[in-house]
Amino acid sequence: MLGWELPPHNSGGLGVACYGLCKALARQGVDIEFVVPYHEKHDIDFMKITPAHQQGAQVVLESGGAYDSRLYIHPDGREERLDIYGQVKAYEHAVAKLAPETEFDIIHAHDWLTFRAGLRAKMATGAPLILHVHSIERDRAGGTPGNPLVRDIEETVMMMADAICAVSQLTKDAIVADYGIPADKIHVIHNHLNDLPEVQHRDNTMYPYIAAMRGRGYKVVTNVGRLTVQKGLPNLLRAARIVVDHEPKTLFLIVGGGDMFHELIQLSADLGLGKNVLFTGFQRGQAWRDSFALADLFVMPSVSEPFGLTPLESIGFGTPALISKQSGVSEVLQNALKVDFWDIEKMADEITSVIQNPSLPETLQHNAFRELQGMHWGQSAQKVTNLYQKYAAGVTA
């Protein structure tokens with residue numbers, strides 16, 4: 001299996017989804033060697049984790065996201081900093097060297113970052129290649145065509161792969177529309193929620209200011225995720241302006257980092273929301289958990305969200321969700337408020353309704369949590385295992 005990241009060294013949901021799927025696959029007896037592009041320790045015992053650059057450079061993980069540049073220290077001591085495209089190329093060549101020395105039946109590659117490496121491994125060994133599409137370039141570009149180089153990688157490797165897993169019907173439809181891939185080659189494998197740690201109800205919350213304001217009658221709306229064009233945060237802030245006009249005692253907590261961080265702060269100031277919007281940057285651990293647990297409502301206003309795990313995480317921590325209809329999670333989560341990402345007025349109305357009617361979020365959360373208990377990674381892992389057996393049998397036949 002080829003992947004770009006795993007917790008705790010992940011910058012977003014890609015690594016979290018890979019972790020959950022692999023853990024469920026391992027429970028079903030699948031023997032996994034997960035190849036990452038960096039050297040780092042992982043507290044994971046259900047699969048083998050291998051750095052791709054075994055005979056080459058040491059890849060130093062620094063603060064930042066999955067798409068940021070990384071430092072490569074070569075055996076001769078030479079240091080080199082590579083951008084994302086250089087990293088993809090280096091990973092591809094490292095996997096091409098590693099694949100003939102490794103014993104496996106199936107190659108399973110996650111997202112465009114590893115697709116070229118997957119194709120090289122297939123060419124070197126003849127093993128079947130299964131791609132796992134968590135998003136396509138149009139998603140990441142917020143509905144525009146995006147980077148033509150990335151689109152070329154996605155289209156070429158999808159054409160040559162044996163099978164494709166898409167995280168939602170929304171994503172499957174997008175693959176067919178953008179790249180002309182036959183629909184029967186694409187299998188919908190929904191994401192699910194990993195096992196959450198037990199929520200610790202502590203007096204020493206990581207957000208004492210917000211806790212104090214709640215004590216003064218304020219309501220809290222939160223968003224947790226990457227601050228990129230794909231996530232639709234400008235529309236949430238514009239909806240926040242409408243909400244605050246009707247309910248001044250409302251705080252909006254924006255948790256995450258990304259290339260729109262400073263732009264969103266500026267937009268908040270331009271909208272006159274300086275007292276009502278708080279930006280925390282990227283968070284882990286208790287601060288991440290408290291972001292959900294302290295809120296009255298979680299909002300995911302994504303322009304295009306292939307799946308979207310954060311609403312499920314929010315419900316797991318006791319907070320109901322408002323999600324955009326342009327999300328894969330809306331296919332499996334019925335007990336959530338849903339709006340079109342562009343409908344700012346409707347988004348504001350739904351948020352205001354939750355703030356003004358305490359019984360609404362209570363009922364919504366109760367029903368959503370019951371629904372959540374019926375979802376698990378084992379269902380999706382079984383579909384993936386069936387694909388493995390089908391294509392491994394084809395190789396040995």
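Colleague: Before we discuss residues that stand opposite each other, when do two strands pair?

Modeller: This is a predicted model. The pairing rule rests on DSSP bridges between two strands. The number needed is at least two.

Colleague: Which residue of strand 8 stands opposite Val 133?

Modeller: Strand 7 covers residues 129–133, and strand 8 covers residues 163–166. These two strands pair in the parallel sense over 4 bridges. Opposite Val 133, in strand 8, stands Ala 166.

Colleague: Which helix packs on the sheet, touching strand 7, strand 8 and strand 9?

Modeller: The direction of this helix makes about 165° with that of strand 9. Its residues are 169–179. The helix is helix 6.

Colleague: What is the order of the strands in the open sheet?

Modeller: The sheet holds 4 strands, and the pairing is parallel. Strand 6 and strand 9 each pair on one side only, as edge strands. Neighbouring strands are turned by 25° against each other on average, direction ignored. The order is 6-7-8-9.

Colleague: Which residue of strand 7 stands opposite His 108?

Modeller: Strand 6 and strand 7 run parallel, joined by 4 bridges. His 108 belongs to strand 6, residues 107–110. Opposite His 108, in strand 7, stands Ile 130.

Colleague: Which residues of strand 6 point the other way from Ile 107 and Ala 109, and are they buried or exposed?

Modeller: In a regular strand, side chains alternate between the two faces of the sheet. In strand 6, Ile 107 and Ala 109 point one way. The residues pointing the other way are His 108 and His 110, and all of these residues are buried.

Colleague: What is the handedness of the β-α-β unit made by strand 6, helix 3 and strand 7?

Modeller: Helix 3 spans residues 112–125. Helix 3 lies across strand 6 and strand 7, and runs at about 165° to strand 6. The unit is right-handed.

Colleague: Why is Cys 22 not bonded to Cys 18?

Modeller: A disulfide is a covalent bond between the sulfur atoms of two cysteines. The cut-off here is 2.5 Å between the sulfur atoms. The closest cysteine sulfur to that of Cys 22 is in Cys 18, and the pair is too far apart for a bond because the distance is 6.1 Å.

Colleague: How many disulfides does a search of the whole structure find?

Modeller: Cys 18 is in no disulfide. Cys 18 counts as buried because its relative accessibility is 0%. Cys 22 counts as buried too, at 0% relative accessibility. The number of disulfides found in the whole structure is 0.

How values were computed: Residues are numbered from 1 along each chain as its sequence is written. This is a predicted model: local features need pLDDT of at least 70, side-chain atom pairs count only at pLDDT 80 or more; totals for chains, interfaces and linings use all residues. Side-chain values use heavy atoms; hydrogens and water are left out. Buried means under 20% relative accessible area, exposed over 50%, partly exposed in between (1.4 Å probe, protein chains only). A crossover is right-handed if, with the strands pointing away from the viewer, the path from the first strand over the helix to the second runs clockwise. Axes are lines fitted to C-alpha atoms, for helices over the stretch in contact, and angles run from 0 to 180 degrees between N-to-C directions. Contact means heavy atoms within 4.5 Å.
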